[in-house]
Each structure stands twice: as C-alpha cells, then as structure tokens.
Amino acid sequence: MVQVQQTVRMAVRDLGDYIEERADDGSRTGTGTFIVRPRSFLIVGSLSQLLGQSGGPIDDKVHSFELFRRNLHEPEVITFDELLARAEWHVKLAEGQAAVADGTGVVDDGVA
C-alpha cells in the first residue's frame, strides 16, 4: 500500500500539478489537465477468499476486509473480481453506446 502512495506522490512531484496538451506537431493547444489527488488502486485477492467451505461468507473475514478498505483514504482497495466486474460493465456500456450511435441497437445498461 505504501508503494502505491509513494508512486502517486512521485508522479505528482515529477509531473507537476498541470499537464498541458500538445498538438501532433508539438505546439501548445492552450488546454490541459490539472492533477489534483489522482486516484490510485490496490488490487488484492478475490471475494471468494471471504467464503467458507459451504460457499457462504465468513462474517469475521468480510467485516475485517470491509473495515480495512473503507478506513483507508488512499488508495482504493478492490479485489480482482470487482475489477473484472467494473471492466465488464464498462465494455457493455461502450458496446451499447456504439450500437445506439450506429443506429443498430438500444442500450441495455441492466438498470430498470
């Protein structure tokens, strides 16, 4: 965890607090991005590690994990399977938006 925090600190130190965009020819565009407390992530284990032999959650393990990650300021702690679920959601959303833009379908984001 400290490694992630140090990497973010050094990146902000080395890059500064503003990154100016440049055109393909290297000229300044007059626009850019401010770097203010960039988000960082620590990806650990999987939610299945919190389950018992019968497949149900082990209360003490779930509580310990949730207390640990919710009481950290930075980085955000997520599991491999949570990262995969987020990625799948983003891909599905992008595919739906592309289908609508092409006029070939309707977005189904799974929200009723």
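Q: How should I read the confidence of this model, and what is the mean pLDDT of the chain?

A: The mean pLDDT of the chain is 89, with 92% of the residues at 70 or more, and these values belong to a predicted model. Taken by element, helix 2 (residues 59–70) has the highest confidence, at a mean of 94, while helix 1 (residues 2–15) has the lowest, at 90.

Q: How many helices and strands are there in the chain, and what pattern does the chain follow along the sequence?

A: The chain holds 3 helices and 4 strands, and reading along the sequence gives the order α-β-β-β-α-β-α.

Q: What does the radius of gyration say about the overall form, and what would be the value for a compact globule of 112 residues?

A: The idea is to set the value of the chain beside that of a reference globule. For 112 residues a compact globule would have a radius of gyration near 13 Å, whereas this chain has 20 Å. The extents can be read alongside this, since the C-alpha trace spans about 60 × 45 × 20 Å along its principal axes. As for burial, 12% of the 112 residues of the chain count as buried.

Q: In which sense do strand 1 and strand 2 pair, and which residue in their hairpin takes a positive phi?

A: Strand 1 (residues 18–22) and strand 2 (residues 28–34) pair in the antiparallel sense, over 4 bridges. One point of reference in this pairing is Arg-22, whose bridge partner in strand 2 is Arg-28. The hairpin has 5 residues between the strands, and Gly-26 in this hairpin takes a positive phi near 95°.

Q: How do I read a salt bridge that joins separate elements, and where do Arg-39 and Glu-76 lie in the chain?

A: A useful reading combines the atom distance, the places of the two residues and their exposure. The search of the whole structure finds 8 salt bridges, and in one of them Arg-39 pairs with Glu-76, with the closest N and O atoms 2.5 Å apart. This pair links distant parts of the chain, given that Arg-39 sits in the loop between strand 2 and strand 3 and Glu-76 in strand 4 (residues 76–78), 37 residues apart. Arg-39 counts as exposed because its relative accessibility is 62%, whereas Glu-76, at 27%, counts as partly exposed.

Q: Which residues are linked with Glu-66 in a network of salt bridges, and how many residues apart are Arg-70 and Glu-66?

A: The network links Glu-66, Arg-69, Arg-70 and Glu-82. Within it, Glu-66 forms a salt bridge with Arg-69, the closest N and O atoms being 2.9 Å apart, and both residues lie in helix 2, 3 residues apart, or about one turn of the helix. Glu-66 also meets Arg-70 in a salt bridge, with an N to O distance of 2.7 Å. Arg-70 and Glu-66 are 4 residues apart in helix 2, so about one helical turn separates them.

Q: Is Arg-69 buried or exposed, and is Arg-70 buried or exposed?

A: Such labels follow from relative accessible area, for which under 20% means buried and over 50% means exposed. Arg-69 therefore counts as buried, at 16% relative accessibility, while Arg-70, with a relative accessible area of 65%, is exposed.

Q: How do I read a nonpolar patch on the surface, and which residues make the one of about 350 Å²?

A: It helps to list the residues and then ask which elements supply them. The patch of about 350 Å² is made by Phe-41, Ile-43, Phe-80 and Leu-83, with strand 3 (41–43) and helix 3 (80–102) each supplying at least two of its residues. Phe-41, for example, is in strand 3 and counts as partly exposed because its relative accessibility is 35%.

Q: Where is the place of Val-62, and what distance separates the C-alpha atoms of Val-62 and Gln-49?

A: Val-62 is found in helix 2, and its relative accessible area of 26% is why it is classed as partly exposed. Between Val-62 and Gln-49, which are 13 residues apart along the chain, the C-alpha atoms are separated by 9.3 Å.

Key. Residues numbered from 1 in each chain as written. Predicted model: local features only at pLDDT ≥ 70, side-chain atom pairs only at ≥ 80, totals over all residues. Heavy atoms only, no water. Pairing = 2+ DSSP bridges. pLDDT = per-residue confidence, 0-100. Patch = residues over 30% accessible without salt bridge, like charges linked within 9 Å, V, L, I, M, F, W, Y side chains within 5 Å. Areas by Shrake-Rupley, 256 points an atom, 1.4 Å probe, with all protein chains shown as cover. Salt bridge = Lys/Arg side-chain N within 4 Å of Asp/Glu carboxyl O. Buried < 20%, exposed > 50% of the residue type's maximum accessible area, 1.4 Å probe, protein only. Rg over C-alpha atoms; globule rule 2.2 N^0.38 Å.
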